[in-house]
Amino acid sequence: MKEVNVSSITDLVSRLCMEANFNLNRDIEAALTGCMAREESPAGKSVIASMLENSNIAREEQAPICQDTGMAVVFFEIGTDVHITGGDPTKAINEGVKNGYQKGYLRKSVVRDPIDRVNTNDNTPAIIHYLITAGDQIKITVAPKGFGSENMSAVKMLTPSEGIAGIKRFVVDTVSKAGANPCPPIIVGVGAGGTFEKCALLSKQALLRPVGSSNPDSFWGGVEKELLEKINALGIGPAGFGGRITALGVNIETFPTHIAGLPVAVNIGCHVTRHAEGVL
């Protein structure tokens, strides 16, 4: 049985909060670079060039890529052969978020209540998803989520009769209504199946997949490709200024569901869709 002290969890979460906010993931950087050759709009090309310049400055100076440094979403995968010592992992994760946002001079965006709107002043509490896995490791992924893109996300309880056509229509309509708000070119995470909350979680997990990857199921991989083409045909373009590139990718994750349901969620990620991971 491997023992992991909660202090290690706090230290790793703190570091990941800063890494995710400072360093654009290389797959997204490569996708944006590739867009320069495909985008025909002069304004769109200029926007993408500015996005790449901004990400380079952020990495070099270890400064936030965006002023909205997000609400911390943490995926905590723990192996069955790991024993956590020294305290409560939830408290340790939140302490790591607190430390990372203070040390990295990251904007504190969390309020303690949806209505009274009093800022917690340390960006806690985090949204934490626990998953028990096999093995003797803890894998932590920190995905700070800004609300320019989060506010454009949606869940819909389709009927089974609406089928794949209903899913496609809902995804494209959601992106169309979002327009420039989520800072395109975006990454579109789609969750299909499960229950109301499961499809939403799937859609957020889908955003963690590398840009350019494909669902291993050939049917869903084909749907991803088709939806990307439909979304880019909307003409929203980089930053909403018009152009060919509205989305960098569409990632779909699925789960079994009830005979009477077809839950679908769309979680939109902005052009940086931040996340960083580490293993203990």
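Is C17 buried or exposed? Here are a few notes to help you find your way around this predicted model.

1. Let's start with that cysteine. C17 has a relative accessibility of 0%, so it counts as buried. C17 is also one of the helix 1 residues that touch helix 4, and that pair of helices is a good place to look next.

2. Two packed helices are described by the angle between their axes and the distance between the axes. For helix 1 (residues 6-22) and helix 4 (residues 89-103), the axes approach to within 7 Å, with a crossing angle of roughly 40°. Because of that angle, helix 1 is oblique to helix 4. The handedness of their crossing is right-handed.

3. Now for the residues that build this contact. Helix 1 contributes V6, I9, T10, V13, S14, C17, M18 and N21, while helix 4 brings P89, A92, I93, E95, G96, V97, N99, G100, Y101 and K103. Sorted by class, the contact between the two helices holds 10 nonpolar, six polar and two charged residues.

4. You may wonder how many disulfides there are in the whole structure. A search finds zero. C17 takes part in none, and the nearest cysteine sulfur, belonging to C66, lies 15 Å away.

5. What about C66 itself, and which cysteine sulfur is closest to that of C66? The answer is the sulfur of C183, at 6.3 Å, which is too far for a bond, as a disulfide needs the two sulfur atoms within 2.5 Å. C66 has a relative accessible area of 28%, so this residue is partly exposed, whereas C17 is buried.

Definitions and conventions: Residues numbered from 1 in each chain as written. Predicted model: local features only at pLDDT ≥ 70, side-chain atom pairs only at ≥ 80, totals over all residues. Heavy atoms only, no water. Axes fitted to C-alpha atoms, helices over the stretch in contact; angles between N-to-C directions. Helix = DSSP H or I, 4+ residues; strand = E, 2+ residues; numbered from the N terminus. Parallel < 35°, antiparallel > 145°, perpendicular 65-115°, else oblique. Left-handed = near helix turned anticlockwise from the far one by under 90°. Contact = heavy atoms within 4.5 Å. Nonpolar A, V, L, I, M, F, W, Y, C, P; charged D, E, K, R; others polar. Buried < 20%, exposed > 50% of the residue type's maximum accessible area, 1.4 Å probe, protein only.
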